[in-house]
Amino acid sequence: MQEQIEAVHRMQDYIEANLFENITLIGLSRASLFSPWYSYRLFVAHVGMTPTDYIRKLRLSKSALKLRDNQCKIADVAFEMGFGSVDGYQRAFRREFGYNPHEYTTKPVPIYLFTPYRVKSGYIERKPVMENLKNVFVQVVDKPTRKVIIKRGIRATEYFTYCEEVGCDVWGLLQSIKSISGEAVCLWLPSAYRKPETSEYVQGVEVALDYDGGIPEGFDVIELPAAKYLMFQGEPFAEEDFMQAIEEVQASIGKYDPSAIGYSWDNQNPRIQLEPIGTRGYIELLPIK
């Protein structure tokens, strides 16, 4: 199984590195180190879709972010993203998101972007805890007064239970909303921000107080005050080691005493978790006062 996971991971790396080029099954097979036919079967079995669908969804999602954040001609985006024609790109965009690119460029709305989850992240191999914990960087950061668009769960207190309750597609939708912090977030909500029969752990996106881009159905909006946070950031890690990276940072948080720098923990504001990205290290932010 591990050999197959590694092969699919190499194909995902190859697609990411060559996304806007002509990606062929031969190229994927060279990356996987298996035959084209077997590489195709492995990809479908472990990713849940064909390489063609995976590439198309990834290109369309990246194009949507480009249209959202830049003043671009639709034709330029279509060809830059590897589509053979503007008409083909427009049809594909509408099928994927329910809007044509011109409508979306005029008024970006929340859409379900494709999240290319890595197969190695889903294959958790428990490793012995290292005797010496890695370095954890700690920094005081300021958060402004803001709104947060959130999707509540039912009883979740962590990511995996939350995904079982609401599904994993929520993250793609949140990523389509332009955030003042540059990315979607996960939060542990204090009781003041929770509704009866809803979860402590939620996913959301921080937006400005004057945000007018629309609220997806089934989502709520909360307003958070300006607050100080301690940001805990671990060292970069291999994607398959994300659970160990989280545990190392959370172990450091558990031992940290903010009084050493003149603060105490603030239980009135939510604790924040950022997406575990191996190249930057795992990050959590805890409110202080």
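**A walk through the model**

Let's start with Y104, which lies in helix α7, residues 101-106. One thing up front: this is a predicted model. Now, is Y104 buried or exposed? Buried, with a relative accessible area of 1%. What does Y104 touch, once we set aside residues up to four places away in sequence? The list is A64, L67, R68, F93, V109, I111 and S176. Now look along the chain to F137. Y104 and F137 are 33 residues apart in sequence. Their C-alpha atoms are separated by 39 Å.

Next, the surface. L25, Y40 and V44 make a nonpolar patch of about 220 Å². Find Y40 in helix α3, residues 36-47. Y40 is partly exposed, because its relative accessible area is 36%, between the cut-offs of 20% and 50%.

Now to the inside. How many residues does the largest nonpolar core have? It has 17. Those with the most contacts inside it are I150, L187, L189, I222, I272 and L285. Which elements give two or more residues to this core? They are β2 (146-151), β3 (185-188), β5 (220-224), β6 (227-234) and β8 (283-288). β6 gives the most, with three residues.

Take I150 from that core. I150 touches L187, L189, V202, Q203, G204, F219, D220 and I222. Again, that leaves out residues up to four places away in sequence.

Let's go strand by strand. First, β3. Both of its faces are covered. V185 and L187 sit on one side, C186 and W188 on the other, and all are buried. Which way does β3 run against strand β4, residues 201-207: parallel or antiparallel? Antiparallel, with four bridges joining the two. In that pairing, V185 stands opposite G204. You have just met G204 as a contact of I150. β3 also pairs with strand β7, residues 271-273. That pairing is antiparallel too, over three bridges. There, W188 stands opposite R271.

Stay on β7 and move across to β8. These two strands pair in the antiparallel sense over two bridges. Q273 stands opposite E284 in β8. β8 also pairs with β6. Here six bridges join the strands, and they run antiparallel. Q233 stands opposite I283 in β8.

How enclosed is β8? Six of its six residues are buried, so β8 is largely enclosed by the rest of the structure. I283, L285 and P287 point one way. E284, L286 and I288 point the other way. L285 is also one of the residues with the most contacts inside the core.

Last topic: charges. Side chains of opposite charge can pair when their charged atoms come close. How many salt bridges does a search of the whole structure find? It finds 15. I'll show three.

The pair K57 and E96 comes first. Their closest N and O atoms are 3.1 Å apart. K57 lies in helix α4, residues 51-69, and E96 in helix α6, residues 86-97. So the pair ties together parts that are 39 residues apart in sequence.

Next, R146 and E206. Their closest N and O atoms are 2.9 Å apart. R146 is in strand β2 and E206 in strand β4. This pair links distant parts of the chain, 60 residues apart. Are these two buried or exposed? R146 is buried, with a relative accessible area of 1%. E206 is buried as well, at 0%.

Then D220 and K195. The closest N and O atoms of this salt bridge are 3.0 Å apart. D220 lies in strand β5, and K195 in the loop between β3 and β4. So this pair ties together parts that are 25 residues apart in sequence. K195 counts as partly exposed, at 43% relative accessibility. And D220 is another residue we have met, among the contacts of I150.

Some salt bridges share partners. In this way D53, R56, K57 and E96 are joined into one network.

To recap. Y104 is buried in helix α7. The largest nonpolar core draws two or more residues from each of β2, β3, β5, β6 and β8. β8 pairs with β6 and with β7. And the salt bridge between R146 and E206 joins two buried residues. That's the tour.

Technical notes. Residues are numbered from 1 along each chain as its sequence is written. This is a predicted model: local features need pLDDT of at least 70, side-chain atom pairs count only at pLDDT 80 or more; totals for chains, interfaces and linings use all residues. Side-chain values use heavy atoms; hydrogens and water are left out. A nonpolar core is a set of buried Ala, Val, Leu, Ile, Met, Phe, Trp, Tyr and Cys residues joined through side-chain atoms within 4.5 Å. Buried means under 20% relative accessible area, exposed over 50%, partly exposed in between (1.4 Å probe, protein chains only). Contact means heavy atoms within 4.5 Å. Patches are made of residues with over 30% relative accessible area and no salt bridge: like charges are joined within 9 Å, nonpolar side chains (Val, Leu, Ile, Met, Phe, Trp, Tyr) within 5 Å. Accessible areas come from the Shrake-Rupley method with a 1.4 Å probe; for residues, only the protein chains shown count as cover. A salt bridge is a side-chain nitrogen of Lys or Arg within 4 Å of a carboxyl oxygen of Asp or Glu. Two strands pair if DSSP finds at least two bridges between them.
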